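Here are some exercises to try with a protein model on your screen. Have a go at each task yourself, then read the solution one step at a time.

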Amino acid sequence: MLGAADESSVRVAVRIRPQLAKEKIEGCHICTSVTPGEPQVFLGKDKAFTFDYVFDIDSQQEQIYTQCIEKLIEGCFEGYNATVFAYGQTGAGKTYTMGTGFDVNIMEEEQGIISRAVRHLFKSIDEKKTSAIKNGLPPPEFKVNAQFLELYNEEVLDLFDTTRDIDAKNKKSNIRIHEDSTGGIYTVGVTTRTVNTEPEMMQCLKLGALSRTTASTQMNVQSSRSHAIFTIHVCQTRVCPQTDAENATDNKLISESSPMNEFETLTAKFHFVDLAGSERLKRTGATGERAKEGISINCGLLALGNVISALGDKSKRATHVPYRDSKLTRLLQDSLGGNSQTIMIACVSPSDRDFMETLNTLKYANRARNIKNKVMVNQDRASQQINALRSEITRLQMELMEYKTGKRIIDEEGVESINDMFHENAMLQTENNNLRVRIKAMQETVDALRARITQLVSEQANQVLARAGEGNEEISNMIHSYIKEIEDLRAKLLESEAVNENLRKNLTRATARSPYFSASSAFSPTILSSDKETIEIIDLAKKDLEKLKRKEKKKKKRLQKLEESGREERSVAGKDDNADTDQ
């Protein structure tokens, strides 16, 4: 079964191979260039193409795998299908990039995408098992299967079938291609090998690759004469992961009563497609059987191009997609416009003699970027039902919380509705928060203005003292502190007067209400007690006001005495100076 669909575009990478020794001897010039730091390639002087990834002549295998393929392997563990296919003219480096052409003397850094993906796959399986054991969870169970198909002259051949006659390739194949109820493509009559370790997988890949049809042409010494599709199926049974803290709490409560864990089964398939190169008969010099193979290869690639055009061109999206025109496009139906995360690696030659082939490859790849795939998680029916029940539980918990908080109500007729008081309460809370912010800002403004007033008044007093005579720093500091204290007391006085005014209004309101309750003896003691409390509070406020006023008067008197003493000292000093002058 499948989960919810999500759109994902086909990503395209372009790899430019280095020039061959033969091309250098013949004096071929490089006609491609890459914009530094940008995924853009120039062909000639005026033809520019932009892709998702561009790898220049000096790019390494590790760089291509890390940037393009690594995330696809991680996605397989979450139940997502993936496809990588290499396209380009013959001799452009497709088999080298994919790693399907085994060489005895190959170095580790020259290993292709498939070898690195297999190593990454089994390493991640071991890490996930170890991580689950460390967390006290049952380790996930993995089942890995492999298939290796070859499409030779429009016949699907099984490269894992050891009983078939390799020389009888023109015989009709018994392998059938079918489509399931969900639109997925599967094959019948193909050998499926169960693999448990990385060396086993590499041995299977090596045996299949050695059975693949290759031949020599004028353009490529070891030219692939067929399309190869190596498929890895991963089936994973694991404990359902917790999505958030709320689900974790719920599962914790459930586990207290029942220690059973919930499991889910995810499946994923990863296609590694090494397409045979497009070729021109007059350049390859193929005749007889080689010419027939070249024609079959070009027919399959033409059908693939028609599918890419139908899916990629906006004007043709509503028309029929010709998947059934070729067995190649039928096998790749999932990968192009279906349930798969797909990346296309377009391999090109940098030499000017291959200019037209390189241009056609880049145009081909540019159309593929517009294809939209519908990516979905592959789950079994039980896992899908568990996820649906979890979503339903979460929805019901949210609804129950809304009833508890009063957001939802049910009237007398049993009709459910949203409580208006809830919205009003939410609006009032928002307004309250806004007012708090404003009050805080106003308080900061008041403090700043009070400090400014204190500064101005103290400066004015210092100017008065300076005009009368020489100013004293100690007196200036004392005046500044007194003025600051006076301003603080004035602010408290204003606040107390506001409180007093508010209490007086409440008392007036309570007095005006008291005649209405005079007939009822039950309310009169309460009203009288509240009146007494209000009167007592007002009396206390008046006393506080009087105290504040007295303190302010004392402060003013102290300031006046200081000013008078300063004047007397200056006058005495002036008289002494005059007496000295007379003498």
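## Exercise 1: A residue in a helix

Thr358 has a relative accessible area of 1%, so Thr358 is buried. Keep in mind that you're looking at a predicted model.

**Task.** Find the helix that holds Thr358, and list what Thr358 touches beyond its neighbours in sequence.

**Solution.**
- Step 1: Go to helix H10, residues 355-368; that's where Thr358 sits.
- Step 2: Skip residues up to four places away in sequence, and you'll find Thr358 touching Leu43, Gln89, Val348 and Ser349.
- Step 3: Pick Val348 from that list. Val348 and Thr358 are 10 residues apart in sequence, and their C-alpha atoms are 5.5 Å apart.

## Exercise 2: A binding site from a record

**Task.** Which residues does UniProt give for the feature "binding site"? Then work out whether Gly88 and Gly93 are buried or partly exposed.

**Solution.**
- Step 1: The UniProt entry, which is unreviewed, puts "binding site" at Gly88, Gln89, Thr90, Gly91, Ala92, Gly93, Lys94 and Thr95.
- Step 2: Place the two glycines. Gly88 belongs to strand E7, residues 82-88, while Gly93 is in the loop between E7 and helix H3 (94-98).
- Step 3: Compare with the cut-offs: buried is under 20%, and partly exposed runs from there up to 50%. Gly88 is at 0% relative accessibility, so Gly88 counts as buried. Gly93 is at 24%, so Gly93 counts as partly exposed.
- Step 4: Look at what surrounds Gly88. Leaving out neighbours within four places in sequence, Gly88 is in contact with Lys94, Ala276, Gly277, Ser278, Cys347 and Thr361.

## Exercise 3: The second largest pocket

**Task.** How many residues line the second largest pocket, and which element gives the most to that lining?

**Solution.**
- Step 1: Start with the space itself: the second largest pocket has a volume of about 680 Å³.
- Step 2: Its lining is made of 31 residues, and Asp180, Gly184, Ile185, Lys269 and Asp334 lie nearest the centre of the pocket.
- Step 3: Strands E8 (141-152), E11 (185-188), E15 (227-239) and E16 (263-274) are the elements that give two or more residues to this lining. E16 gives the most, with five residues.
- Step 4: Sort the lining by type, and you get nine nonpolar, 17 polar and five charged residues.

## Exercise 4: A closed space inside

**Task.** Find the largest cavity and say which residues line it.

**Solution.**
- Step 1: Rolling a probe the size of a water molecule over the atoms shows where empty space is left.
- Step 2: A search of the whole structure turns up one cavity of 30 Å³ or more. The largest cavity holds about 50 Å³ of space.
- Step 3: The residues around the largest cavity are Leu151, Tyr152, Asn153, Glu154, Arg225, Ser226, His227, Ser296, Ile297 and Gly300.
- Step 4: E8 and helix H8 (289-312) each supply at least two residues of that lining, and H8 gives the most, with three.
- Step 5: By type, the lining of the largest cavity splits into three nonpolar, five polar and two charged residues.

## Exercise 5: Two unusual backbone angles

**Task.** Take Asn153 and Glu154 from the lining of the largest cavity. What is phi for Asn153, and what is phi for Glu154?

**Solution.**
- Step 1: Most residues other than glycine have a negative phi.
- Step 2: Asn153 has a positive phi, near 50°. Glu154 has a positive phi too, near 65°.
- Step 3: Find them in the chain. Asn153 is in the loop between E8 and strand E9 (155-158), and Glu154 is in the loop between E8 and E9.
- Step 4: Check the cover. Asn153 is buried because its relative accessible area is 17%; Glu154, at 28%, counts as partly exposed.

## Exercise 6: Far along the chain

**Task.** How many residues apart along the chain are Glu78 and Gln236, and what separates their C-alpha atoms?

**Solution.**
- Step 1: Find Glu78 in the loop between helix H2 (61-76) and E7.
- Step 2: Glu78 and Gln236 are 158 residues apart along the chain, yet their C-alpha atoms are separated by 9.1 Å.
- Step 3: Leaving aside neighbours within four places in sequence, Glu78 is in contact with Arg238, Leu266 and Val377.
- Step 4: Now zoom out to the chain. Among contacts between residues at least 6 apart in sequence, 73% join residues at least 24 apart.

Notes:
Residues are numbered from 1 along each chain as its sequence is written. This is a predicted model: local features need pLDDT of at least 70, side-chain atom pairs count only at pLDDT 80 or more; totals for chains, interfaces and linings use all residues. Side-chain values use heavy atoms; hydrogens and water are left out. On a 1 Å grid over the protein atoms alone, a cavity is a set of points where a 1.4 Å probe fits but cannot get out, and a pocket is an open set with protein on both sides within 12 Å along at least five of seven lines; lining residues have an atom within 4 Å of a point. Grid points are joined across faces, edges and corners, and a volume is the space filled by probe spheres set on the points. Helices (H or I, at least four residues) and strands (E, at least two) are DSSP runs, numbered from the N terminus. Ala, Val, Leu, Ile, Met, Phe, Trp, Tyr, Cys and Pro count as nonpolar, Asp, Glu, Lys and Arg as charged, and the others, Gly among them, as polar. UniProt positions are given in the numbering used here, feature names are shortened, and annotations may be inferred rather than shown by experiment. Buried means under 20% relative accessible area, exposed over 50%, partly exposed in between (1.4 Å probe, protein chains only). Contact means heavy atoms within 4.5 Å.
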